[in-house]
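The exercises below are to be worked with the sequence and the coordinates open side by side. Each one sets a task and is followed by a solution in steps.

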Amino acid sequence: MISEPKGTVFRRIARNGVVISLRPMRDEDGPQVVELFRALSHESIYNRFLTPIVRLDAKQVRKLTHVDPGLEYAVAAWLSEAGCERMVGVGRYHAMSTEVAEIGIVVGDPWHRLGIGKMLLRQLTESARARGLLWFASTIDPCNLRLLRFVEACGFKGHLKYHDGLLHMRTSIATLFLQDSQDPPLNLPKI
Ligand SMILES: CC(C)(COP(=O)(O)OP(=O)(O)OC[C@H]1O[C@@H](n2cnc3c(N)ncnc32)[C@H](O)[C@@H]1OP(=O)(O)O)[C@@H](O)C(=O)NCCC(=O)NCCS
């Protein structure tokens, strides 16, 4: 029998056959967050945090693990391997208003292109819809082509604006994962 982290909200077999479980981040997940950070390339760290971080300090770990349920949601992806669980990715959002939330996703480099990023984004989307949020906002390095391909694959529709050397993206939560929708284009707000 496959073990799964307590509180699992979603479980799926990834492209390479490994079992991935998703569950909300907990206060006590700090050691696993640090371990995941060690599995990130410099490029992935920069693309996620937009600053070159060498190691996470205690304050940063606390910020990543202690989620304010009124404003935030964070979900971690866990790999089940030989009865052990390893955190392999995290997705989170932080509501900036009743309509807009800032989003961040990262998957450890050894597990890229297995569909884990998409699983995390689906879960964030579900949670954001339930909360009545309308837009995901993110700030992206223009060289982050992986993310641009990723967002395209998930059906992002919204605005991309170049400002101060960065791309500012706003995405309609309603249109995510609805690639086949025949709905007319939405009248999106300016950012
Ligand atoms: C962006 C990121 C989260 C994607 O995670 P992932 O688990 O590798 O993505 P998935 O496997 O779910 O990919 C889904 C689809 O996105 C597209 N995609 C993802 N990575 C891609 C790449 N390197 N090149 C081209 N297309 C890519 C593909 O269409 C892919 O589907 P396919 O593999 O069936 O072709 C991951 O690359 C990452 O952690 N990057 C570093 C951090 C970052 O940039 N975060 C975003 C800013 S907060």
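## Exercise 1: The strands and their pairing

Task: find the residue with a positive phi in the hairpin of S1 and S2, and then follow the pairing of the strands from S1 to S6.

Solution. In this predicted model, the hairpin of S1 and S2 has five residues between its strands, and among its residues Gly-17 takes a positive phi near 95 degrees. The two strands of this hairpin, S1 (residues 10-13) and S2, pair in the antiparallel sense over four bridges, and within that pairing Phe-10 stands opposite Leu-22 in S2.

The next step leads from S2 to S3, two strands that run antiparallel and are joined by six bridges; here Ser-21 stands opposite Trp-78 in S3.

A second hairpin joins S4 to S5 through four residues. Its strands pair in the antiparallel sense over seven bridges, and Val-90 has Val-106 in S5 as its bridge partner.

The last step goes from S5 to S6, where the sense is parallel and three bridges make the connection; Ala-101 has Phe-136 in S6 as its bridge partner. As for burial, S5 is mostly covered, since six of its eight residues are buried.

## Exercise 2: The two sides of a helix

Task: list the buried residues of helix H1 and explain why they line one face of the helix.

Solution. Begin with the residues themselves: in helix H1 (residues 30-38), Gln-32, Leu-36 and Phe-37 are buried. Viewed down the axis of H1, these buried residues fall within an arc of 145 degrees, and therefore they line one face of the helix. The general background is that an α-helix has 3.6 residues a turn, so residues three or four places apart point the same way.

Next, ask what the buried residues of H1 pack against, which is strand S4 (84-95). Finally, turn to the face directed away from the buried side of H1, where the exposed residues Pro-31 and Arg-38 are carried.

## Exercise 3: The largest nonpolar core

Task: identify which residues of the largest nonpolar core touch the most other members, and which elements give two or more residues to this core.

Solution. The largest nonpolar core has 37 residues, of which Val-75, Ala-77, Val-88, Ile-116, Leu-120 and Leu-124 touch the most other members. The elements that give two or more residues to this core are strand S2 (19-24), H1, strand S3 (72-81), S4, S5, H4 and S6, and S3 gives the most, with seven residues.

Ala-77 can then be examined by itself: once its neighbours within four places in sequence are set aside, Ala-77 is in contact with Ile-20, Leu-22, Val-88, Gly-89, Ile-116, Met-119 and Leu-120. As a general tendency, nonpolar side chains in soluble globular proteins are buried together.

## Exercise 4: The shell around the ligand

Task: describe the residues around the ligand by distance, by element and by chemical class.

Solution. By distance, Asn-47, Gly-117, Lys-118, Arg-149 and Ala-153 come nearest among the 22 residues around the ligand. By element, two or more residues of the shell come from each of helix H2 (42-49), strand S5 (100-107), helix H4 (116-130), strand S6 (135-140) and helix H5 (145-153), and H5 gives the most, with five residues. By chemical class, the shell divides into nine nonpolar, eight polar and five charged residues.

## Exercise 5: Positive phi outside glycine, and one strand residue

Task: locate Arg-113 and Asp-164, and decide whether Leu-167 is buried, partly exposed or exposed.

Solution. Most residues other than glycine have a negative phi, which is the background for the first two cases. Arg-113 has phi near 65 degrees, a positive value in a residue other than glycine, and lies in the loop between S5 and H4; Arg-113 is exposed because 12 other C-beta atoms lie within 10 Å, the limit for that class being 12 or fewer.

Asp-164, which is not a glycine either, has a positive phi of about 55 degrees and is placed in the loop between strand S7 (158-163) and S8. With 6 C-beta neighbours inside 10 Å, Asp-164 therefore counts as exposed.

Leu-167, found in strand S8 (residues 166-172), is partly exposed, with 18 other C-beta atoms within 10 Å. Leaving aside neighbours within four places in sequence, Leu-167 is in contact with Ile-140, Pro-142, Leu-160 and Tyr-162.

Conventions. Residues are numbered from 1 along each chain as its sequence is written. This is a predicted model: local features need pLDDT of at least 70, side-chain atom pairs count only at pLDDT 80 or more; totals for chains, interfaces and linings use all residues. A residue is buried if 20 or more other C-beta atoms lie within 10 Å of its own, exposed if 12 or fewer, and partly exposed in between; C-beta atoms are placed from the backbone. The arc is that of the directions from the helix axis to the C-beta atoms. Two residues are in contact if their C-beta atoms, placed from the backbone, lie within 7 Å. A residue is near a molecule or strand if its C-beta atom, placed from the backbone, lies within 6 Å of it. Ala, Val, Leu, Ile, Met, Phe, Trp, Tyr, Cys and Pro count as nonpolar, Asp, Glu, Lys and Arg as charged, and the others, Gly among them, as polar. A nonpolar core is a set of buried Ala, Val, Leu, Ile, Met, Phe, Trp, Tyr and Cys residues joined through C-beta atoms within 7 Å. Two strands pair if DSSP finds at least two bridges between them.
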